[in-house]
Amino acid sequence: MSEQRTFRVWRGDKDGGEFATYETKVDPGMVVLDVIHRIQAEQANDLAVRWNCKAGKCGSCSMEINGKPRLSCMTRMNVFAPGETITLQPVKTFPLIRDLVTDVSWNYEQNQRVRPFKPKPRGADGKMRMYQEDVDRVQEFRKCIECYLCQNVCHVLRDRDGKAAFTGPRFLLRLASLEMHPLDDDDRIPEIKDEFGSGMCNITKCCTDVCPEHIKITDNAIIPLKERVVDRYYDPLKKLFRVFTGSK
Amino acid sequence: MDVNEIQTIEHDVVVIGAGGAGLRAAIECSAQGMNTGLIMKSLLGKAHTVMAEGGMAAALGNADSRDHWKIHFRDTMRGGKFLNVWRMAELHAREAPDRVNELEEWGAVFDRTKDGLINQRNFGGHRYPRLAHVGDRTGLELIRTLQDHGIHQGIHTHMECTALELLKDGDKIAGVAAYWRDTGRFVLLKCKAVILATGGAGKAWRVTSNSWEYTGDGLAMAYDAGAELMDVEFTQFHPTGMVWPLSVRGILVTEGVRGDGGILKNSEGKRFMFDYIPERFAPETADSEEEAARWLEGAEGARRPPELLTRDVVARAITAEVKAGRGSPHGGAFLDIASRRPAEFIKRKLPSMYHQFMELAEVDITKEPMEVGPTLHYFMGGIRVDAESQQTRVPGLFACGECAAGLHGANRLGGNSLSDLIVFGQRAGMGATEYVRANPGSVAPDHDAVKEAFRRATAPLNRESGESPYALHDELQDTMGANVGIVRVEEELKKGIDDVAAIQKRAETVKAHGSSQYNPGWNQALSLRSLLVSAEAVARAALMRQESRGAHTRLDYEGERDEWLDYNVVIRKSKDGSMDVEKVKRPEPDAELKRIALSELEPLEEEVTAERAKTREVADV
């Protein structure tokens, strides 16, 4: 059973814009991204939206739907009350390009700052050995689809100066996936503290709440990293040891 | 328009497409010291490779030490119904293990065996558990690994940049005309070599697992530049796509469901695949539910369940059941893993499938069966390339991954795609590097051609009025679904060709509204041409091949015909601009490869066991 629904969609670019209202038919089983495509095909050919896989695996179609940051391809129309008007806006933490599309290049700059995986030498038999129970946690982190919804809701990043001091939950997660990798042979703790700003996170868990992959970003990645930093820098014995050895 | 005023970027090599193949090619070029540009229509890390679920096939021998490249090669040839390019199938089987191990050194975290090695799972057509995997999100792992490694190799990535046309200097590649999607501005990329890694053209069909990017850009650009297309009649319909809700129809349900024990049933509750076992595979397929159950438990000597027959066989079986009136409520078959495996197992081994059905269809796959049906998934055919270097017949033009032809023949085995990307991505990178080194002279694209490329691109925006590009795309999908679908017949194929020609004519006067800045309407208008070239090529090749082989099924020419075994259908652009379709004799295969591929399984297994024992002796000495 199809029904007629009303959508308010942000139209505009960096110089400004306004909400446009579209009435369109919604069929059973449709997700918000289907509706956007229908509006695009029938009423507004040039309505800009970024998307790709349409199955929640590529993380391209992040936007704010009735004020909530979500993937539009995974938001079914039947989660809304009958007759409810649906408002679609671009994510707020990144600069607008046009309509529902934002410039997320800052995130790519952050990724570039993370030093790549540095493998320990292979075993005598030429194999790299890791056990499943030791990689479960890292695999949880590697489920990340880089939708940047966590970055979008992070209070620290939303704050005007936040981006200068803090890399955001996505990249602490990435650093955690390297730091906890059984075969990574790099010491990442000093830069996690000093350059990526692990101390800036105040554990409100907003990032975890919006993660479409249900990764426990705060509990499983950020807090353990903070603990490793504390162990290294604020443990009095270790502090003393550093003073004597001159290590970082 | 003054060409000197257009933004110009110079590279040695430009790679078009940043999925697994493009990224791997770019990494290789960069590692070899080439100034490498990588352009992509989407953002980095979003390419359709992320959708690959099941795994990448490589005879690592971790899950079953009896595996060997020769067995992988034999499986690939048989899956491809012996139409594969022999040398490519050999290179792929030999080199895949090294390429997979290399990923691990770059940070990939595959699922593990009990011994802590890369675990491998069973898949259709593979004799042994062979697919290195990460749950059911192996593609994401591949792309993220290549991405995070690649950004530190000095590659210049150009995101949301769409290639329009290849530019030449005489007969040699000299650059790419492209535009930035966010601003709509043009950019001229000057280079000596181009590697196409653009994927297939699944978007010419409505029910497809492919994303919007799959518009056949590479096929059309190569064709226009003078390269040949081959085997494009072989379009793989993956047997298990979602069929409900309508808006997600076509989205992939991984073969891993069947690999991990899932079975197919019709509306009468019958496990129907036992009725569709082809003669060639009968000796290696279980003939009773009881034997199939023993196989799943890993019993020695038990043969594989028929749900794991090759994709063409399973897709046709589902289609036949639906046609006979035994389909599921929404026109598919039931895929049941709920009654076969505990809920915890399903959630651990198939987390994205669980998630996908729960969120998009409100179906709990640990409790209920899924409804599935065939979906256009993959182009076995594509740009004809040299097996070693991946070069086309145009000097400086290379192709790898799905957009290249050869490895898969008439049908691709699941898991052979991700390994294809890394094996031939690496080879294309080497090939392009060697070409650039061997051709030190400078090249410059012809100015008139540059102007003409950009003029053609702006035409849909400048037109006063015209048809909607969305409407034309819709009509193309209608005709391809109806006339160039999973089962084909001469009359319909001819109708398809006529329809495509009519849409081609109308596409010349299509209108895009609005400005050029991040304008999906304009982008759609520009992708019509490559979609239409690809669609025409598939239809014409399908009409020429008068037999049924692999993924190409002709109702009017049933069964494989010996007279076609030695021929590929090759397509090129003729001087007058029309499409030339030719039946081309295949070269005689290497005798040793032929022996391996045609060998019975048991003697071949004995042979590799003996070989292995010998190697071990040598090592012990």
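**A walk through the two chains**

In helix 10 of chain B, the buried residues are B:S352, B:M353, B:Y354, B:H355, B:Q356, B:F357, B:L360 and B:A361. Keep in mind as you look around that this is a predicted model. The helix covers residues 351-361, and with 8 of its 11 residues buried it's mostly covered. What does the covering? For the buried residues of helix 10 of chain B, the cover includes strand 13 (235-242), helix 6 (256-259), helix 9 (343-349) and strand 16 (370-379) of chain B. Step off the end of helix 10 and you land on B:E362, which has a positive phi, near 55°.

Now for the charges. Side chains of opposite charge can pair when their charged atoms come close. Over all chains, the structure holds 85 salt bridges. Take B:K573 and B:D224, whose closest N and O atoms sit 2.8 Å apart in a salt bridge. This pair links distant parts of the chain: B:K573 belongs to strand 19 (residues 567-573) of chain B and B:D224 to helix 5 (residues 217-225) of chain B, with their positions 349 residues apart. As for exposure, B:K573 is partly exposed at a relative accessible area of 33%, and B:D224 also counts as partly exposed, at 33%.

Another bridge runs from B:K265 to B:D336, with 3.6 Å between the closest N and O atoms. Because B:K265 lies in strand 14 (residues 263-265) of chain B and B:D336 in strand 15 (residues 333-336) of chain B, the pair ties together parts that are 71 residues apart in sequence. Here the partners fall into separate classes: B:K265 counts as partly exposed at 26% relative accessibility, while B:D336, at 5%, is buried.

Then there's B:E547 with B:R545, a salt bridge whose closest N and O atoms are 2.6 Å apart. Are these partners buried or exposed? B:E547 is buried, with a relative accessible area of 0%, and B:R545 is buried too, at 0%. Elsewhere, bridges with shared partners join B:R87, B:E90, B:R94, B:E95, B:E388 and B:R427 into one network.

Charges gather on the surface as well. B:D169, B:D171, B:D446 and B:D448 make up a patch of negative charge there. One of them, B:D448, is part of helix 12 (residues 447-462) of chain B. Since patch members need over 30% relative accessible area, it's worth checking B:D448: its value is 53%, so B:D448 counts as exposed.

Over to chain A, which has 11 helices and 7 strands. Its C-alpha atoms fill a box of roughly 70 × 45 × 30 Å along the principal axes. Of its 248 residues, 57% count as buried. Among contacts in chain A with a separation of 6 or more, 61% come from residues 24 or more positions apart. The chain exposes about 10900 Å², and carbon and sulfur atoms supply 52% of that. On the charge side, chain A carries 40 positive and 36 negative side chains, and the centres of the two sets lie 2 Å apart.

Which residues make a nonpolar surface patch on chain A? A:L240, A:V243 and A:F244 do, and the patch is about 370 Å². Of these, A:V243 is found in helix 11 (residues 236-245) of chain A, and its 62% relative accessibility puts A:V243 in the exposed class. An α-helix has 3.6 residues a turn, so residues three or four places apart point the same way.

Key:
Residues numbered from 1 in each chain as written. Chains lettered and ligands numbered in written order. Predicted model: local features only at pLDDT ≥ 70, side-chain atom pairs only at ≥ 80, totals over all residues. Heavy atoms only, no water. Patch = residues over 30% accessible without salt bridge, like charges linked within 9 Å, V, L, I, M, F, W, Y side chains within 5 Å. Areas by Shrake-Rupley, 256 points an atom, 1.4 Å probe, with all protein chains shown as cover. Salt bridge = Lys/Arg side-chain N within 4 Å of Asp/Glu carboxyl O. Lys, Arg positive; Asp, Glu negative; His and termini not counted. Charge placed at Lys NZ, Arg CZ, Asp CG, Glu CD. Helix = DSSP H or I, 4+ residues; strand = E, 2+ residues; numbered from the N terminus. Buried < 20%, exposed > 50% of the residue type's maximum accessible area, 1.4 Å probe, protein only. Contact = heavy atoms within 4.5 Å.
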